[in-house]
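User: Pick one surface residue on a helix and look at it closely. Then work outward and show how the rest of the chain is held together.

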Amino acid sequence: MKLFSETFTIKTIPKVAWSSEDSFNLKPKPLTFIFLVFGLFLFGLGESLLITSGAGVGPYTVLAQGISNLTDWSIGFSTFVISIFVLFMWIPLKQKPGMGTILNAFIIALTIEFSVYYLPYPEAYPMQVLQVIIGILVIGLGSGFYLISNLGAGPRDGLMIGLQRITNMPIYSIRTTIEISVVVVGSLCLLNNIDKLLGEVVGLGTALFALGIGPSVALGITLIGKLSKQN
């Protein structure tokens, strides 16, 4: 019960013995770098589990699909534009990048690129939902490792951290609000293509991710923080 309570009240990323003192650190301790890479690998693996589940795409992919629908841009280019826009939102939030910001894109992309060939593609709907839930939990655990490393967050996690800092709201509520907002905006952009919206893009997995990723990330941060020696 204590872990559950802390998950829904945690507001800051804890500093532990292997955390970097500064996010802009080009010579981190080996253990810090290992946990950063391991966390990003888990993050990518969790994303792959969502992709191969077939139960609906994640919120930011819904947004990318929506932008693509309005502009005729490719999904990949739309995703790139969204990432750049989110990074620009860091400026007023005074969020600092680091090597993790760059490695975030490379390691997650490479993990997805290779792991989707080896993961299951369940046909039974209950198994698809189960795979989504496992994917969400794996992303949360990966987030705990890589964010506590304090070597720079990815665009979306950096937005979450920056907004938490200025609002002082719990991490889970900030992340949940962001994800739901992204789904709503993306869905609105697809309203003129309702068959694509309901048939290919938004599914139960999308809703589970939007509502579950905030608590999952907060749980991952709380759990890794408690299992590691605090500074």
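Analyst:
**From one leucine to the whole chain**

L70 is exposed, because its relative accessible area is 54% and exposed means over 50%. The model is predicted. L70 lies in helix α3, which covers residues 59–71. How far apart are the C-alpha atoms of L70 and A210? The separation is 23 Å, and the two residues are 140 apart along the chain.

Next, a patch on the surface. W73, F77, F80, I84, L87, F88 and I91 make a nonpolar surface patch. Its area is about 680 Å². One of its members, F77, sits in helix α4, residues 75–93. F77 has a relative accessible area of 39%, so this residue is partly exposed. That value falls short of the exposed class, because exposed requires over 50%.

Now the charged contacts. Side chains of opposite charge can pair when their charged atoms come close. How many salt bridges does the structure hold? The count is four.

Take K226 and E6. Their side chains meet in a salt bridge, 3.4 Å from N to O. The pair links distant parts of the chain. K226 belongs to helix α10 (residues 204–227), E6 to helix α1 (residues 2–7), and their positions lie 220 residues apart in number. How covered are the partners? K226 has a relative accessible area of 45%, so K226 is partly exposed. E6 is also in the partly exposed class, because its relative accessibility is 23%, and the buried class needs under 20%.

D22 and K96 come next. Their side chains form a salt bridge of 2.7 Å, N to O. Both partners sit in loops: D22 in the one between α1 and α2 (30–53), K96 in the one between α4 and α5 (99–115). The pair therefore ties together parts that are 74 residues apart in sequence. Neither partner is buried. D22 is partly exposed, because its relative accessible area is 31%. K96 is partly exposed too, because its value is 42%.

The bridge between D157 and R175 is set in other surroundings. The side chains meet at 2.6 Å, N to O. D157 is in helix α7 (residues 155–167) and R175 in helix α8 (residues 171–189), 18 residues apart. Are these two residues buried or exposed? Both D157 and R175 are buried. They do not stand alone: D157, R175 and E179 are linked in a network of salt bridges.

On to the aromatic rings. A pair of aromatic rings is described by the distance of the centres and the angle of the planes. The chain has seven aromatic pairs. One of them joins F35 and F145, with 5.3 Å centre to centre and 20° between the planes. This pair counts as stacked, because the planes must be under 30 degrees apart for that label. F35 lies in helix α2 and F145 in helix α6 (residues 125–148), so the pair ties together parts that are 110 residues apart in sequence. Both F35 and F145 are buried.

Another ring pair is F43 with Y146. The centres are 6.3 Å apart and the planes stand at 80°, so this pair is edge-to-face. F43 is in helix α2 and Y146 in helix α6, 103 residues apart. Both F43 and Y146 are buried. There is also a cluster: W18, F35, F38 and F145 form one aromatic group.

Now step back to the whole chain. The secondary structure comes to 10 helices and zero strands. From the N terminus on, every element in the run is an α. The C-alpha trace spans about 50 × 40 × 35 Å along its principal axes. Why does the radius of gyration agree with a compact globule? A compact globule of 231 residues would have a value near 17 Å, and the chain has 17 Å, so the two agree.

Burial and contacts complete the view. Of the 231 residues, 50% count as buried. Among contacts between residues at least 6 apart in sequence, 83% join residues at least 24 apart. The accessible surface comes to about 11,600 Å². Carbon and sulfur atoms account for 72% of that surface.

Note on methods:
Residues are numbered from 1 along each chain as its sequence is written. This is a predicted model: local features need pLDDT of at least 70, side-chain atom pairs count only at pLDDT 80 or more; totals for chains, interfaces and linings use all residues. Side-chain values use heavy atoms; hydrogens and water are left out. Patches are made of residues with over 30% relative accessible area and no salt bridge: like charges are joined within 9 Å, nonpolar side chains (Val, Leu, Ile, Met, Phe, Trp, Tyr) within 5 Å. Accessible areas come from the Shrake-Rupley method with a 1.4 Å probe; for residues, only the protein chains shown count as cover. Helices (H or I, at least four residues) and strands (E, at least two) are DSSP runs, numbered from the N terminus. Buried means under 20% relative accessible area, exposed over 50%, partly exposed in between (1.4 Å probe, protein chains only). The radius of gyration is taken over C-alpha atoms; the globule rule is 2.2 Å times the number of residues to the power 0.38. Contact means heavy atoms within 4.5 Å. Rings of Phe, Tyr and Trp (its six-membered ring) pair if their centres lie within 6.5 Å; planes under 30 degrees apart count as stacked, over 60 as edge-to-face and the rest as tilted.
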